[in-house]
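Dear colleague,

Please find below the structure that I am handing over to you. My notes on the packing of its helices follow.

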Amino acid sequence: MTDSKQVEQTEREFKVGLHRLGESPQTVTLVDDSNLNPLYSRPNLWDYLKQLVWYRHFIVFEGRSKANQNGTGTALGRAWIILDPLLQTALYVLVFGVILQTSRGMENFVGFLVLGVVFFQNSIKGINSGNTLIQKSQGMIASFQFPIAVIPSASVMSSFFNGLAPVGVGLVVALLTQPEIALPVSVIGIIPLYVFVHLFGFGCTLWVARFTAMVPDLKSVFSIASRALFFLSGVFFTIERFDGYETLQTLVRLNPIYQFLASARLMVLEGVWPSAEIWGYMALWSLLLPLTGIIFFWAGEDKYALVK
């Protein structure tokens, strides 16, 4: 048998085999898949960070577009951006200052409380916004190929813009309620402190987002933890209330959110800069948490598209 006849016979046998499998021989296409990559792959960490930087303009735009939407669709509109922290402070003054008498011994309980409220809310947003963030963003994750850390980055950027007005309101109220109205130079320290708070929040968002993506039941755990932090961060009391309980005082001082609140009050109400040790401690939390968080979040990059 000649070579040409052997080839023809082989082709006929191949076509017969395909017909037996219920397939049409005309639809068979050979594809070189040697250069194909998995759809939901995880790049190396350095490339991942470079991609994240490349999306920086989108992150800022997304954060701005979702910021300051409080009150949308209501009669007072964006006035609620200012009214909300004022009403919350009034409520806490009534409950903790008048009813529970936690204001005893304080010259400016209103200023103390309003600074505690606005800075605590900014500090805790990272935990609250990270809860099931991946589940809420599945439509975007399934539709586009991009570093998924863009989502928590945009969320924290939105929190950054959202928090500016309440912090401004808190500063004005705290200064106006001072026994001697003055504008201490140390108030300028609120700027780096505000940045530290949101870097800390970014780290919290990264950790919480991945934890709740892998184990959705942790959403309730983190919600309870954020409520517990409200009572353990000195929002409405001074640490002197724990005199005689040195272990408890130490635990409260180790809480970075407490240090954020205490530093804001020190600079605004007393006109004193926090010590270098306190600045260093806050900087450590604000840099270490997002650095470890981005690595932890990146490690699950190839799994987020499968989260339900």
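**Helix packing**

Helix H3 passes helix H8 in a right-handed crossing (the near helix is turned clockwise from the far one by less than a right angle; anticlockwise would be left-handed). This is a predicted model, in which local features need pLDDT of at least 70 and side-chain atom pairs count only at pLDDT 80 or more, while totals for chains, interfaces and linings use all residues. Residues are numbered from 1 along each chain as its sequence is written, and side-chain values use heavy atoms, with hydrogens and water left out.

H3 spans residues 56–65 and H8 residues 150–176; their axes lie 7 Å apart, at an angle of about 50°. Helices here are DSSP runs (H or I, at least four residues), numbered from the N terminus. Axes are lines fitted to C-alpha atoms over the stretch in contact, and angles run from 0 to 180 degrees between N-to-C directions. H3 is therefore oblique to H8 (neither under 35 degrees, nor over 145, nor 65 to 115). The residues in contact (heavy atoms within 4.5 Å) include Phe58 and Arg64 of H3 and Met157 and Phe161 of H8.

The second pair is H9 (residues 190–214) and H12 (residues 256–269), whose axes come within 11 Å and cross at roughly 165°. H9 is therefore roughly antiparallel to H12 (over 145 degrees). Their crossing is left-handed. Among the residues that meet are Leu193 and Phe196 in H9, and Ile257 and Phe260 in H12.

With kind regards

Key: Helix = DSSP H or I, 4+ residues; strand = E, 2+ residues; numbered from the N terminus.
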